[in-house]
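This report covers one protein chain, from its overall layout to its disulfides. Please keep the sequence and the structure in view while reading.

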Amino acid sequence: RPLRPGLYSTDVMSTLTSSSSVLLLLLLLAAVCCALSAASVAESHSSPMLLRGDELRNTRKLTDSDPNYDHQTTTYYANHKPVSVIGSATVMPFFSPDTSAPVLTNMALEATQTIDIYTPGMGSWSGCTPSSGCYPCSVEFVKYNETFPIFQALVNKIHQGVRVRIMTNGYPTTLCSGKIGPLEYLVKAGAQVRFYATTTFVHIKYQSIDA
């Protein structure tokens, strides 16, 4: 029917609106498809396919020092259960590296029965654990000159009969004849040291005494 300029009948308006919606939807779908296709092509040319640990191990030989190596090859089942404790406690916050060394050292010195430590690594503060090559320090040097504060505290506590246990990452090391590092010295002194192997790397840090 005749319409004034700028006005449309209800039927015509509905048709135009429906057609516009369909066209807009098609344009959006086309844009998404193009983007996914371009991303797929770019990824195939710029980087290798990401694989799970078991798939990656099947493609090439890996070693413990390879950053892609993952020790977690089977399903992990926790051997402990959550424990709920109701009571009061004292919390003292401290910051690393500002005050962590003296706080943890003093804490270790207070132990009378056990010291349990979880740490990513226990390197030397006196240059005895270089990132490559042989460890340069003798047993005597580590014993009398290692400046890592908690090292001396742990040695003293071991000699006092306190049980010391350490869980850490197993970094590749080169021990040449007559040379040693702080962690190896603690083992010789009587500490129990275990290397973390549940997943690729442990970064948690804690110390517990007389637990």
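## Layout of the chain

Helices here are DSSP runs of H or I with at least four residues, strands are runs of E with at least two, and both are numbered from the N terminus. The model is predicted. On that basis the chain holds 6 helices and 4 strands. Read from the N terminus, their order is α-α-α-β-α-α-β-α-β-β.

The chain has 211 residues, and 23% of them are buried. Take the contacts between residues at least 6 apart in sequence. Of these, 75% join residues at least 24 apart.

## The nonpolar core

Which residues have the most contacts inside the largest nonpolar core? They are I115, L154, I166 and L186, in a core of 24 residues. Four elements, β1, α5, β2 and α6, each supply at least two of the core residues. Helix α5 gives the largest share, with 6 residues.

I115 has a broad list of partners beyond its neighbours within four places in sequence. Among them are A108, L154, K157 and V162. The list also includes R163, V164 and R165, and further along the chain Q207, S208 and I209.

## Helix α5 and its surroundings

Helix α5 spans residues 149–159. Its buried residues are I150, F151, A153, L154, V155, K157 and I158. What covers them? The cover includes helices α3, α4 and α6, along with strands β1, β2 and β4. Strand β4 is residues 206–209. Just after α5, G161 takes a positive phi of about 95 degrees.

One contact on the α3 side can be followed through T105. This residue lies in helix α3, residues 100–109. T105 is buried, at 11% relative accessible area. Residues up to four places away in sequence aside, T105 touches P149, I150 and A153.

## Packing of α5 against α6

Two packed helices are described by the angle between their axes and the distance between the axes. For α5 and α6, the axes come within 10 Å and cross at roughly 5 degrees. Angles under 35 degrees count as roughly parallel, so α5 is roughly parallel to α6.

Which residues of the two helices meet? From α5 come F151, L154, V155 and I158. From α6 come P182, Y185, L186 and A189. By class, this contact has 8 nonpolar residues, no polar ones and no charged ones. Two of the residues named here, L154 and L186, are also among those with the most contacts inside the largest nonpolar core.

## Disulfides

A disulfide is a covalent bond between the sulfur atoms of two cysteines. How many disulfides does a search of the whole structure find? It finds 2. Counting bonded cysteines along the chain, the pattern is 1-3, 2-4.

One disulfide pairs C128 with C137, and their sulfur atoms are 2.0 Å apart. The torsion about the S-S bond of C128 and C137 is about -85 degrees, so this disulfide is left-handed. Buried or exposed, where do C128 and C137 fall? The cut-off for buried is under 20% relative accessible area. C128 is buried at 0%, and C137 is buried at 6%.

The other disulfide joins C134 to C176, with an S to S distance of 1.7 Å. This pair links distant parts of the chain, 42 residues apart. C134 sits in the loop between β1 (114–118) and α4 (139–145). C176 sits in the loop between β2 (163–168) and α6 (182–189). C134 is partly exposed, at 36% relative accessible area. C176 also counts as partly exposed, at 27%.

## Around S138

S138 lies in the loop between β1 and α4. Its relative accessibility is 27%, so S138 counts as partly exposed. S138 and C176 are 38 residues apart in sequence, and their C-alpha atoms are 9.9 Å apart in space.

What does S138 contact, leaving aside its neighbours within four places in sequence? Its partners are G178, K179 and I180.

Notes. Residues are numbered from 1 along each chain as its sequence is written. This is a predicted model: local features need pLDDT of at least 70, side-chain atom pairs count only at pLDDT 80 or more; totals for chains, interfaces and linings use all residues. Side-chain values use heavy atoms; hydrogens and water are left out. A disulfide is a pair of cysteine sulfur atoms within 2.5 Å. Buried means under 20% relative accessible area, exposed over 50%, partly exposed in between (1.4 Å probe, protein chains only). Axes are lines fitted to C-alpha atoms, for helices over the stretch in contact, and angles run from 0 to 180 degrees between N-to-C directions. Angles under 35 degrees count as roughly parallel, over 145 as roughly antiparallel, 65 to 115 as roughly perpendicular and the rest as oblique. Contact means heavy atoms within 4.5 Å. Ala, Val, Leu, Ile, Met, Phe, Trp, Tyr, Cys and Pro count as nonpolar, Asp, Glu, Lys and Arg as charged, and the others, Gly among them, as polar. A nonpolar core is a set of buried Ala, Val, Leu, Ile, Met, Phe, Trp, Tyr and Cys residues joined through side-chain atoms within 4.5 Å.
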